[in-house]
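I set out to record the overall build of this chain and then the surroundings of one chosen residue. The entries follow in the order in which I looked things up.

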Amino acid sequence: MSLVFGKVLLAASVLLAIVGCAQTDVLPDDGFVDVPGGRVAFRTMGDRDGIPVLMIHGGPGSRSCTYPATLKGVAESRPVVMYDQLDSGHSDRMLDLRRDAVLSRFVSEVVAIRAELGLRELHLVGHSWGAAVALEYLLTADTTGVRSVTFMGPLIGTDRWLEDANALVAMLPQDAQTAIRMAKETGDFSSPGFEAANAAFEAQFLSRGPLDYRSLPECIASPPGSARLYEYMWGPSEFVSTGTLRDYDRIDRLAELRIPTLFLVGQHDEARPATMLEFQALVPGSVVKVIPDAGHMMNVDQPQAFNDAVAEFLSTVETQR
């Protein structure tokens, strides 16, 4: 769920097609797509001959800038389309959080991008909160042509996410656990003790890092993430949810999926591998892949293993058709 992001996408003149258009021969490199509430910025990279991947970033309030440098292996065989969700990165800011910061509107971004870019066939990849968007899209939209979905360290249900997070918090030093408990009791998440505990949690389970966005050229060029959107929808930290997603849960609907499904998770992920195995049991024919020595930001921690896992899954899906 963390704040993660995308490159300078300012060539705004390449909006294509409308719903029902034919697959484009050449996808534009970058531009904007009109969505409810404003415009979202997208970028395309990679070989143009394969079935495209649509990458949905985490957050809420994150951005797509970590993916251009860490999806190069996947892009060797297909286009990879990345975009900044509304209020994130190079996309427009939300003017009304109550109206726009809702899951169904984020699903409408996927619908609009598919239509504008003519993505008749595609593979979905959703990271963390982006997995919730991908799942909601599969449950509520016209999914004709969606060949597969990959859930990276997915948020599928908030209670289950927090259950996993609490188990991980219990692995932190005692002073960190005490600071977290006090913050929850008082509602003060700004104390130095809580901030130190949060940093300790992220260092173990977010990225085995350090996670330095300055090392990624696309992130240097990207506007920052939206902390206000993260706090409004999620809360003050990865292991405390006080926002509008507090009651989110689609675990009981996983069984409705009827496309090839990969649960991809870091060995030390916030979304624990044991939980992915439980989700796998709910989705007929689904696969779990654990990336060794990686946290939630598995694409940054272990980019080669991450690319290999995704590329192998997509190849298997396409050869089985």
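Entry 1, burial. I count a residue as buried when its relative accessible area is under 20%. By that cut-off, 55% of the 321 residues of the chain are buried. I note here that the model is a predicted one.

Entry 2, surface and charge. I find that the chain exposes about 12,800 Å², of which carbon and sulfur atoms supply 52%. I then located the charges: the mean position of the 27 positive charges and that of the 41 negative charges lie 2 Å apart.

Entry 3, overall form. I list twelve helices and eight strands for the chain. The C-alpha trace spans about 60 × 40 × 35 Å along its principal axes. I compared the radius of gyration, 18 Å, with the value near 20 Å that a compact globule of 321 residues would have, and the two agree.

Entry 4, contacts along the sequence. I took the contacts between residues at least 6 apart in sequence, and 76% of them join residues at least 24 apart.

Entry 5, A131. Where does A131 lie? I place A131 in helix α4, which covers residues 129-140. Is A131 buried or exposed? I enter A131 as buried because its relative accessibility is 0%, and the cut-off for buried is under 20%. Leaving out residues up to four places away in sequence, I find A131 touching G126, F151, P154 and L155. I also checked R120, eleven residues from A131 along the chain: the C-alpha atoms of the two are separated by 20 Å.

Notes:
Residues numbered from 1 in each chain as written. Predicted model: local features only at pLDDT ≥ 70, side-chain atom pairs only at ≥ 80, totals over all residues. Heavy atoms only, no water. Helix = DSSP H or I, 4+ residues; strand = E, 2+ residues; numbered from the N terminus. Rg over C-alpha atoms; globule rule 2.2 N^0.38 Å. Buried < 20%, exposed > 50% of the residue type's maximum accessible area, 1.4 Å probe, protein only. Contact = heavy atoms within 4.5 Å. Areas by Shrake-Rupley, 256 points an atom, 1.4 Å probe, with all protein chains shown as cover. Lys, Arg positive; Asp, Glu negative; His and termini not counted. Charge placed at Lys NZ, Arg CZ, Asp CG, Glu CD.
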